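Hi,

Here is the structure I promised to pass on. Have a look at it first, and my notes follow underneath.

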Amino acid sequence: MTTYLILHGFQNHRPPGHWQYWLAGQLRERGHEVRYPQLPEADAPVLEDWLAALEKHGERPGDGSEFVVVAHSLSVLLWLRAVAAGRAPEADRVLLVAPPSPQVTASIPEIAGFADGLDLGPGPDRRGARARLVYGDGDPYCPEGADVHYGVPLGLDLDHVPGGGHLNPEHGGYGPWPSVLEWCENPATRVTGNR
């Protein structure tokens, strides 16, 4: 059994139509432990509160089994900030999906604090986790491409999803996403689109 920690983004209240909600259900059906917490103040997140929630829900399983983090959108920046501060849980694998660019994040008052002093020096695998970045074309929250801001500077494994937008139900139509489920159970799998 693997333990998965699924982290949502800004203004996300874990709606049933989102691929993360679908993924949590699929993984539970397969007998895995899934932690999919509602992060505090999702509409006006406070970085310190989200870091505290990450520490609370990110406790590694005591039985030595695999621990995997799946972060979408603003939670990718949460993960990067936690790594930079030495507060990230010890994960075996991390999937970082559709992060907003530092510039876009800084332009949205409710989340600007997540971009302040964002450290992109050594990558999020400095605690031993294998990290993969998944990003789509035409993401309104990262128009230059997440590979430019995060993938290349951090030396991450990259999966590009043509036409994926922000890889959510509103920008790209991402409800069920079998490819992410396949990656969860087999890290050698490349993450592709949901069509």
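Leaving out neighbours within four places in sequence, L78 is in contact (heavy atoms within 4.5 Å) with L39, L47, W50, L51, L54 and F114. Before going on: this is a predicted model, where local features need pLDDT of at least 70 and side-chain atom pairs count only at pLDDT 80 or more, while totals for chains, interfaces and linings use all residues. Numbering starts from 1 along each chain as its sequence is written, and side-chain values use heavy atoms, with hydrogens and water left out.

Back to L78. It is among the residues that touch the most other members of the largest nonpolar core, alongside V69, W79, V94, L96, F114 and Y150; that core has 38 residues. By nonpolar core I mean a set of buried Ala, Val, Leu, Ile, Met, Phe, Trp, Tyr and Cys residues joined through side-chain atoms within 4.5 Å. Buried is under 20% relative accessible area, exposed is over 50%, and partly exposed lies in between (1.4 Å probe, protein chains only). β1, α2 (47-57), β3, α3, β4, β5 and α5 (146-154) each supply at least two residues of this core, and α3 gives the most, with eight. Helices (H or I, at least four residues) and strands (E, at least two) are DSSP runs, numbered from the N terminus. There is also a second, separate core of 24 residues, including Y4, V68, V161 and L181.

Helix α3 is worth a look in its own right. Ten of its eleven residues are buried, so α3 is largely enclosed by the rest of the structure. W79 and R81 are among those buried residues, and what covers them includes β1, α2, β3, β4, α4 (102-107) and α5. Just after α3, G86 takes a positive phi of about 70°.

Now the sheet. Six strands form an open sheet in the order β2-β1-β3-β4-β5-β6, with parallel pairing; two strands pair if DSSP finds at least two bridges between them. β2 (33-35) and β6 (157-161) stand at the edges with a single partner strand each, so one side of each has no neighbour in the sheet. On average, neighbouring strands are turned by 15° against each other, direction ignored. For angles, axes are lines fitted to C-alpha atoms, for helices over the stretch in contact, and values run from 0 to 180 degrees between N-to-C directions. Five bridges join β4 (residues 93-97) to β5 (residues 130-136), and L96 has L133 as its bridge partner in β5. Two helices to check here: α3 (residues 74-84) packs on the sheet, touching β1 (3-7), β3 (67-72) and β4, and its direction makes about 130° with that of β3. Helix α6 (residues 178-185) also packs on the sheet, touching β1, β3, β4 and β5, at about 160° to the direction of β4.

What does the side chain of Q20 reach? Its target is the backbone oxygen of L7, at 2.9 Å. Q20 sits in helix α1 (residues 19-29) and is buried, with a relative accessible area of 0%.

Two backbone oddities: Q11 and A98 are not glycines, yet Q11 has a positive phi of about 65° and A98 one of about 55°. Q11 is in the loop between β1 and α1 and is partly exposed at 48%, whereas A98, in the loop between β4 and α4, is buried at 0%.

Cheers

How values were computed. A polar contact is a pair of N or O atoms within 3.5 Å; within protein, one must be able to donate a hydrogen and the other to accept it, and residues adjacent in sequence count only if both atoms are side-chain atoms.
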